[in-house]
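Have the model open in your viewer and your selection tool ready. We will go from one spot to the next, with a note at each on what to select.

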Amino acid sequence: DSLELCFFCRHSRLLLFFTLWLGVIFLAGFFHMNHLRPSHPQTNVMFLKTHKTASSTIMNILFRFAEKHNLTLALPAGQNYHLGYPHRFMAQFVEGFKTMGQSYNIMCNHMRFNLTEVRKVMPNTTTYFSILRNPVSLMESSYAYNKFFTPAFRRSKDVNEFLASPWTYYNMSEYTNNVHARNYMWFDFGYDNNAMDTEDYVQRVIAEIEQAFQLMLLTDYFDESMVLLKDTLGWELDDVVYFKLNSRSQDTIESMTPESKEKVKEWCSLDWKLYQHFNRTFWRRIQETIGLEKLDQEVNLLRMRQKELMELCLLDPVPIDKTKIKDKKLQPFQSGRANILGYNLKEDMANETLRTCLRLITPELQYMSYLYACQFPEKKRKSTAFSLRIGA
């Protein structure tokens, strides 16, 4: 009898451990599926709009979301189109801050990040996120876009010549005029883009950025980033579907030599280390929340919906040259050597369809001017070459 009892006890323990193990596996799967996805859409959002990182496309997503939910935007005061850049952000740069205080929902204009001041404007429940790009392709884009504004770029013939000997063209005394030429993202996050690259300093800055931002996206994996953004904020697929804005024609994209590409990693070493770190955490976040298999499914759904809307809205299947844009009110701002592309809409669309399509293709300056007029009807409208009516 005692042998039978021992046998029964031993097997009971094994059965208990097995049951507990199955429970842990189930819970792990449950939390994997539901980890960090809010039950309601997050409506308080701060996006640090870094330069030359597809951030104009994200700004369009945030503007559309603000319109859809009748949210309040922290827009630049007066006739400004950015929040004090290249100076560090101050709360007073936001239109209406003195009377409105912490009652804004969305902040997404260009700024040089300053957390203390941002917290004066945005509620405590705000989700902070930003986007990073591989510094190699970012350098090429920045060179084309800022060619005529940045002294270091103006003095050189092309991006390869500049990178072959950057100190020949780069003068540290021209500090804020040259931010586009070195560690551009590091500067946007509020740090010194000419700082000495030491291990302690880099790790301290990265830790501060991780503390301030709940999410970091990657331009180089833009669709995957939109899926992660949707999941983190509890938004719908149509909230993050997009048409690419502020993109350039292929003939203005310069070929970089292998030597130039390697030189960027050295010349912009702070940006390179920042990008490498958040590239690792991006994929870790994907695996911990969505999982790679579900990510692929969600990316496919996003691309299918994008294709559907492009067929519904657009006269041409791809972005077109500025000279071919029929409605001059929809021409994007042009800069440097870059030839910024835009879109033509199909004709004779139903009103609601037209408004949906128009919001997807409106360039950022025109969209901002329109939203500013909606939010502050008593103030002088931000001047663009034209005004635009998007709403009903």
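Start with the largest pocket of this predicted model, which holds about 1,300 Å³ of space. To find the middle of this pocket, select Lys52, Ser56, Tyr145, Asn246 and Glu364, the residues nearest its centre among the 49 that line it. Next, colour helix 2, helix 5 (135-146) and helix 17, the elements that each give two or more residues to this lining. Helix 5 makes the largest contribution, with five residues. If you colour the lining of the largest pocket by class, you should find 20 nonpolar, 21 polar and eight charged residues.

Now move to the second largest pocket, where the space comes to about 300 Å³. Here 13 residues form the lining, and the ones to select for the centre are Arg64, Lys68, Asp238, Thr356 and Arg359, which lie closest to it. Which helices should you show around the second largest pocket, as suppliers of at least two lining residues each? They are helix 2, helix 12 (237-240), helix 15 (292-313) and helix 16 (351-361). Helix 2 has the largest share of this lining, at five residues. By class, the second largest pocket is lined by five nonpolar, one polar and seven charged residues.

Keep helix 2 on screen and bring back helix 17. Two packed helices are described by the angle between their axes and the distance between the axes. For helix 2 (residues 55-68) and helix 17 (residues 364-375), the angle is about 25° and the axes are 10 Å apart. Helix 2 is therefore roughly parallel to helix 17, and the crossing of the two is left-handed. To see the contact itself, select Ser56, Met59, Asn60, Phe63, Arg64 and Glu67 on the helix 2 side, then Glu364, Tyr367, Met368, Tyr370 and Leu371 on the helix 17 side. Sorted by class, the residues of this contact are six nonpolar, two polar and three charged.

The last two stops are about the backbone. Most residues other than glycine have a negative phi, and most peptide bonds are trans. Select Ala54, in the loop between strand 1 (45-48) and helix 2. Although Ala54 is not a glycine, its phi is positive, about 70°. Then follow the chain to Pro86, in the loop between helix 2 and helix 3 (97-100). What kind of peptide bond joins Tyr85 and Pro86? The bond is cis, with an omega of about 10°.

Technical notes. Residues numbered from 1 in each chain as written. Predicted model: local features only at pLDDT ≥ 70, side-chain atom pairs only at ≥ 80, totals over all residues. Heavy atoms only, no water. Axes fitted to C-alpha atoms, helices over the stretch in contact; angles between N-to-C directions. Helix = DSSP H or I, 4+ residues; strand = E, 2+ residues; numbered from the N terminus. Parallel < 35°, antiparallel > 145°, perpendicular 65-115°, else oblique. Left-handed = near helix turned anticlockwise from the far one by under 90°. Contact = heavy atoms within 4.5 Å. Nonpolar A, V, L, I, M, F, W, Y, C, P; charged D, E, K, R; others polar. 1 Å grid on protein atoms, 1.4 Å probe; cavity = no way out; pocket = protein on both sides within 12 Å on 5 of 7 lines; lining within 4 Å. Points joined across faces, edges and corners; volume = space filled by probe spheres on them.
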